[in-house]
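I sat down with this one to see how its metal sites are built and what surrounds them. These are my notes, in the order I looked things up.

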Amino acid sequence: PPSSAQPLPSLLRYTDHDLMANAHIHNQPPNPHATCPICMLSWYRPIPSTTNMTSQSSATATRSTFLPLTPCGHWLHYRCLIQQTTHQPAKTTCPTCHTPLYAHEGITVLTLTTRTRLAPPGLTDPNLHTDLSTIDAIVSHHFFHQLNLPSPFADRSPQLVHVYHRVMNDLAARRLPQSVWLGFSTEVGYLLFGVFVGVRMERWLGEGHGGIVGTEGWCGFEVGRAWLRVRVLGAVHG
Ligand SMILES: [Zn+2]
Ligand SMILES: [Zn+2]
């Protein structure tokens, strides 16, 4: 158990807020010959392509920011840290001194691998497929239920914001998600899961019920999703 009463930050808050607090000294290690404890390369050397998402035949290499971790101050490549958390989810500690750094959450790991264009994890957890099909089924159920309710809009389109909230409540009542790769334990993680469900619902509607795109109910849904993204930023940087 962690000795400190302060809960560990989400991975996204850790990378985007905590590690950025000293951005002015990034790429300026006190030891100019420092090596990264994960890839073992000199910090200024590009990371070989085998660690990138691009195929191994690609000759490209990527330079990565070299930065000190908080709170322990040990230096490593930002990209190597994200790579490690993607492929060794249980490893959430400094590779040098083993200080716990952040709370592991599959959903925040996936967010960062997408952003950094690193190879995504194997996604072998069978619970992931169960979660995805359950989310779609719940979206479908609440969407068709909403069609039978009075619409508040002039164009009589369904109130999709209510559908979304019922879906989120239903998922929580069923203690979903169960999968490692959608799971969360922090506020940022919960908000990112909400963003994920919103994307999933948008795709489900667009593919099967395209006539709803652009309706008043749809526009309200889009406004709600934009507001949710603002809340994610607030939880990361606030
Ligand atoms: Zn490295
Ligand atoms: Zn350390």
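Before calling any geometry, I fixed my rule: four donors count as tetrahedral if all angles lie between 85 and 135 degrees. I also kept in mind that this is a predicted model.

**Entry 1: zinc, ligand 1**

I started with the zinc ion (ligand 1) and asked which residues coordinate it. I found Cys 36 (SG), Cys 39 (SG), His 77 (ND1) and Cys 80 (SG), at 2.1 to 2.4 Å. Then I checked the angles: the four donor atoms subtend 100 to 119°, so the arrangement around the zinc ion (ligand 1) is tetrahedral. For reference, the ideal angle for four tetrahedral donors is 109.5 degrees.

Along the chain, I read the donor spacing of this site as C-x2-C-x37-H-x2-C. I looked up where two of the donors sit: Cys 39 is in the loop between α1 (11-18) and β1 (66-68), and Cys 80 is in helix α2 (residues 78-87), so the pair ties together parts that are 41 residues apart in sequence.

Buried or partly exposed, I wondered about Cys 39? Cys 39 comes out partly exposed, at 22% relative accessibility. Cys 80 counts as buried because its relative accessibility is 7%, and the cut-off for buried is under 20%.

**Entry 2: zinc, ligand 2**

Next I went to the zinc ion (ligand 2). Its protein donors are Cys 72 (SG), His 74 (ND1), Cys 94 (SG) and Cys 97 (SG), lying 2.0 to 2.3 Å from the ion. I got angles of 106 to 113° among the four donor atoms, and the site is tetrahedral. The donor residues are spaced C-x1-H-x19-C-x2-C in sequence.

I checked cover for two of these cysteines. Cys 94 is buried, with a relative accessible area of 0%, while Cys 97 is partly exposed at 30%.

**Entry 3: cis peptides and odd phi values**

I then went through the backbone. Which residues does a cis peptide bond join, with omega about 0°? I found Thr 70 and Pro 71, and Pro 71 sits in the loop between β1 and β2 (75-77). I noted another cis bond from Leu 176 to Pro 177, with omega near 5°; Pro 177 is in the loop between α5 and α6.

For positive phi outside glycine, I wrote down Met 40, at about 65°. Met 40 lies in the loop between α1 and β1 and is exposed, with a relative accessible area of 60%. I also wrote down His 98, whose phi is near 70°. His 98 belongs to the loop between α2 and α3 and counts as exposed at 51% relative accessibility.

**Entry 4: two glutamines in loops**

I picked Gln 178, in the loop between α5 and α6. Gln 178 is partly exposed, at 48% relative accessible area. What does Gln 178 touch, not counting residues up to four places away in sequence? I got Asn 127 and Asp 131. Gln 178 and Val 167 are eleven residues apart in sequence, and I read 16 Å between their C-alpha atoms.

Gln 159 is in the loop between α4 (126-147) and α5 (160-173). At 15% relative accessibility I have Gln 159 down as buried. Leaving aside neighbours within four places in sequence, Gln 159 contacts Gln 146, Pro 152 and Phe 153.

**Entry 5: helix α1 and the whole chain**

I listed the buried residues of α1: Leu 11, Leu 12, Tyr 14, Thr 15 and Asp 16. What covers them includes α2, α3 (106-116), α6 (187-208) and α7 (216-237).

Zooming out, I counted seven helices and two strands in the protein chain, running α-β-β-α-α-α-α-α-α from the N terminus on. The C-alpha atoms fill a box of roughly 70 × 45 × 35 Å along the principal axes. Of the 238 residues, 42% are buried. I also pulled the contacts between residues at least 6 apart in sequence, and 68% of them join residues at least 24 apart.

Last, I looked at surface and charge. The accessible surface comes to about 12,400 Å², with 58% belonging to carbon and sulfur atoms. I have 16 positive and 13 negative side chains, and the centres of the two sets lie 8 Å apart.

Terms used:
Residues are numbered from 1 along each chain as its sequence is written. Chains are lettered from A and ligands numbered from 1 in the order in which they are written. This is a predicted model: local features need pLDDT of at least 70, side-chain atom pairs count only at pLDDT 80 or more; totals for chains, interfaces and linings use all residues. Side-chain values use heavy atoms; hydrogens and water are left out. Donors are N, O and S atoms within 2.8 Å of the metal (3.2 Å for Na, K and Ca); water is not among the atoms, so sites may look incomplete. Four donors count as tetrahedral if all angles lie between 85 and 135 degrees; four count as square planar and six as octahedral if opposite donors are over 155 degrees apart and all others between 65 and 115; anything else is irregular. Buried means under 20% relative accessible area, exposed over 50%, partly exposed in between (1.4 Å probe, protein chains only). Helices (H or I, at least four residues) and strands (E, at least two) are DSSP runs, numbered from the N terminus. Contact means heavy atoms within 4.5 Å. Accessible areas come from the Shrake-Rupley method with a 1.4 Å probe; for residues, only the protein chains shown count as cover. Lys and Arg count as positive and Asp and Glu as negative; His and the chain ends are not counted. The place of a charge is taken as NZ of Lys, CZ of Arg, CG of Asp or CD of Glu.
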